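Please load the model in your viewer and keep the selection panel at hand. The stops below go from a single bond to a sheet and then to the whole chain.

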Amino acid sequence: MDRVALSRRNRRTAIFAFGTVAGMVGVSFAAVPLYDLFCRVTGYNGTTQRGLAAPGATDRTITVRFAATTHPGLPWRFQPEQTAMTVRLGEEGLAFYSAANRAETPVTGVSLYNVTPEKVGRYFHKVACFCFDEQTLTPGQRVDMPVSFWVDPRIAEDPNTRDVTTITLHYTFFRTMEDAQRAGALANAGPHVGRPAARTN
């Protein structure tokens with residue numbers, strides 16, 4: 001093989017290798033948002049749907065349980081105001097959580113949420129909530145935090161979910177998003193949906 005042909009072949013090989021590396025880098029950067037999009041579309045990993053209006057109530061009902069956790073670094077008392085409620089599929093429900101600052105100084109917190117069992121994520125729609133938004137409470141202040149939601153009637157038609165009678169909506173309040181990340185909570189968190197105005201007491 002002459003030098004010209006060898007040089008051309010080496011150039012093609014180098015271009016191919018560079019293109020492969022560049023493509024792999026591009027795929028790695030795209031992997032996180034693509035995975036996030038996949039979770040939002042399919043409900044995988046308990047990722048709920050968001051922002052859609054309820055289609056209207058059906059005859060079938062489902063129980064939604066409410067749970068709360070407070071990270072040790074946050075001096076708040078955080079809890080659901082109701083343990084559970086029964087809603088009709090397709091009907092919008094409104095629940096409340098409350099938070100109270102037990103410290104003698106203002107304290108800021110931020111919450112994440114998820115639903116279980118994970119397979120119902122695609123059918124649980126959050127209309128508005130307080131997740132991902134920083135909340136600052138003055139010493140001794142208590143606030144009610146509303147969350148609006150509905151459960152898609154198609155949950156009763158899916159062979160994988162039609163046996164589900166109870167869904168648990170769980171919130172965890174952290175002092176910072178960095179605390180949430182260190183605790184591994186961001187990987188399973190539901191999406192931000194915006195919050196309605198909170199009531200203060």
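Is Cys129 buried or exposed? Select Cys129 to begin: this residue counts as buried because its relative accessibility is 0%, where buried means under 20% relative accessible area, exposed over 50% and partly exposed in between, with a 1.4 Å probe and protein chains only. This is a predicted model, in which local features need pLDDT of at least 70 and side-chain atom pairs count only at pLDDT 80 or more, while totals for chains, interfaces and linings use all residues. Residues are numbered from 1 along each chain as its sequence is written, and side-chain values use heavy atoms, with hydrogens and water left out.

Add Cys131 to the selection: a disulfide (a pair of cysteine sulfur atoms within 2.5 Å) joins Cys129 to Cys131, with an S to S distance of 2.5 Å. Cys131 is likewise buried, at a relative accessible area of 0%, and the structure holds one disulfide.

Next, select the open sheet, in which five strands (DSSP runs of E, at least two residues, numbered from the N terminus) follow the order β4-β2-β10-β6-β8 with mixed pairing. Its edge strands, β4 (84-88) and β8 (135-137), each pair on one side only, pairing being defined as at least two DSSP bridges between two strands.

Within it, highlight residues 107-116 (β6) and 166-174 (β10), which run antiparallel and are joined by seven bridges; Thr116 has Thr168 in β10 as its bridge partner.

Finally, zoom out to the chain, where 38% of the 201 residues count as buried.

Methods. Helices (H or I, at least four residues) and strands (E, at least two) are DSSP runs, numbered from the N terminus.
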